[in-house]
Amino acid sequence: MNWIRTHVWPIVAVLLALIVVWYVAAAWMNSQWTLDQAARAQTTPSFGEIVADTMAQERPKLPAPHQVAYSFYDLVFDKKITSRRSLVYHAWITLSATLLGFAIGTGLGIALALGIVHNRAMDQSVMPWAIASQTIPILAIAPMIIVVLNSIGISGLIPKAIISAYLSFFPVVVGMVAGLRSPDSMQMDLLKTYNASPVQVLFKLRLPASMPFLFASLKVGIAAALVGAVVGELPVQQGGLGARLLGGSYYGQTIQMWAALFMAAILAAILVFTVARIESGVLKRLGMAR
Amino acid sequence: MSSLEENVGRDWQPTQWRNWAPVLVALALGAIDWRFGLLFAVWLASWWTNAVLARGERRILVAAVFGITMLVLWEMAVRLFAVPLVILPAPSVIGARIAISLPILWGDFVQTAIKGALSGYIMGCGAAVITAVLIDRSKFLQSGLLPVANFAAALPIVGTAPILVMWFGFDWQSKAAVVVVMVFFPMLINTMAGLRASEAMQRDLMRTYGASYWQTLAKLRFPAAMPFIFNGLKICTTLALIGAIVAEFFGSPTQGMGFRISTAVGQLALDTVWAEITIAALAGSAFYGAVALIERGVTFWHPSQRRQR
């Protein structure tokens, strides 16, 4: 009970406040259109009529929350999931690219981190560039990757997955190198007194010790992978949440855009939550849960 | 002792084949296609150089050799295999393009990085720090906002770009708006964490001095929060550039890095795209470096700023 009062209630209050702000903003931003319409029809609507109209426009500047919620429900539950109008269909396209790219990026990232930790030359050559690459707006190359791969006949899932992989790769490398190096010299010395081989050190000490670091970067990486997939869908209109966003902005379908945006947000929440659940399970089994 | 060292010195002889295996691989690759063999040989030579260099403490040199090798291999691969320009331009071509179109690149840089990213960065980070200070006294608001902000920081906020471009028009204002939304939550989380970083002992000391809330904030808690704040500021430099560039994909005046990239990709003028990406990378590193430099000046007392020996 106390937990609800100290943790749940503040969040609910903040969310309610956000919705109120949203309604006010919607009424304010859409009122211009209503007034223009009224001026054209040479009527003077009352305040109540203006507010009522701003809540139910077809192409509002800022759709009211209930409009977005209705549209979201309509596009998710009332459409067949195989239909091109269904948000679930588009979310699946984005999700598959995200997961494939995330798997590739994580795998390569861990492999490179293993190389960096075990090879001094590799460490000094690659690591500065891996760190420097984090300061670069990598997402800028997304349209180029899509178009270039398209021009040599690769389209669909793979180009988006490559962007996702690229975005999730560097956080994993940096986090995993820090994790594999996290055992202190006492622990390393102990394994040396056991005459442990590098492989044994890796599996019995370094990998388990790196898990908290790995999962911290996996959470960053999967969010980045989703962003990569969404942005990768912008240049070519072949479905996916990014395509829905751009299509909505071309045709002024603001409600559809907001619905797609919410779908992307929910997808991100599910992905990060899943990684967090796996993290707590793994850490508990390793006896590292805090 | 000396005999032992001699033994160690001669130890390579039994495993001699290992040292020569890469050369054999290079020769085998060369037999398949001499170009593969050549590329592999260059790679091998530089790797061997780095392996030798890495024994000392010449970190910058090693990294530089690696970077240059990558560029050389890229150049050689493009030339040897005659890769068409529309797939991958050689570094020399990109360099030439940068040299030719410096005025255009500078205009794009000003439009995107200064007008869009930097203004949004300052507004967003400033708003986040002010918000964190404002809600600092309210436990209720803090415990409500922190989970929401944590959640929002993981969202693909770039997706709001088309909406904000609709609201604020095509010019830099909409880009700054995207950047504000993108940097706000990571910055808020870091500042809130920072304001909690001072220790109870230190706060008690301030209380014994009879310091007011604002004095404690200005003299103890804000300085103590600086490492966290700068961590947020550094994360946000990259986010700001990404936001400004991606927002331009949704509509922009006929200037800007994102605009140039998306139109040049459409014309398959990949040398221009790569030139723009180079500038974006340089701008990102410089932006990050500038913030890191300021951090060194401000948080000189923090252990992470101690010079490594």
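Chain B is built from 13 helices and zero strands, where helices (H or I, at least four residues) and strands (E, at least two) are DSSP runs numbered from the N terminus. Read from that end, its elements simply go α-α-α-α-α-α-α-α-α-α-α-α-α. The model is a predicted one, in which local features need pLDDT of at least 70 and side-chain atom pairs count only at pLDDT 80 or more, while totals for chains, interfaces and linings use all residues. Residues are numbered from 1 along each chain as its sequence is written, and chains are lettered from A and ligands numbered from 1 in the order in which they are written.

As for overall shape, the C-alpha atoms of chain B take up a box of roughly 75 × 65 × 30 Å along the principal axes. Its radius of gyration comes out at 26 Å, against the value near 19 Å for a compact globule of 309 residues; the radius is taken over C-alpha atoms, and the globule rule is 2.2 Å times the number of residues to the power 0.38. The domain assignment (automatic or from a database) splits chain B into domain 1 (2-82) and domain 2 (98-305), with C-alpha centres 41 Å apart. Chain A is likewise cut into domain 1 (2-62) and domain 2 (87-285), and here the centres lie 38 Å apart.

Within chain B, 37% of the 309 residues count as buried, that is, 20 or more other C-beta atoms, placed from the backbone, lie within 10 Å of their own. Helix 9 (residues 172-195) of chain B is largely enclosed by the rest of the structure, because 22 of its 24 residues are buried. This helix spans 33 Å from first C-alpha to last, close to the 34 Å expected from 1.5 Å times one less than its number of residues. Even so, helix 9 of chain B has a kink of about 30° at B:Phe184, shortly before the proline B:Pro186; the bend is the angle between axes fitted to the seven residues ending there and the seven starting there.

Now for the contact between the chains: 48 residues come from chain B and 46 residues from chain A, counting two residues as in contact if their C-beta atoms, placed from the backbone, lie within 7 Å. On the chain B side, helix 13 gives the most, with eight residues. That side divides into 36 nonpolar, eleven polar and one charged, with Ala, Val, Leu, Ile, Met, Phe, Trp, Tyr, Cys and Pro taken as nonpolar, Asp, Glu, Lys and Arg as charged, and the others, Gly among them, as polar.

Technical notes. A residue is buried if 20 or more other C-beta atoms lie within 10 Å of its own, exposed if 12 or fewer, and partly exposed in between; C-beta atoms are placed from the backbone.
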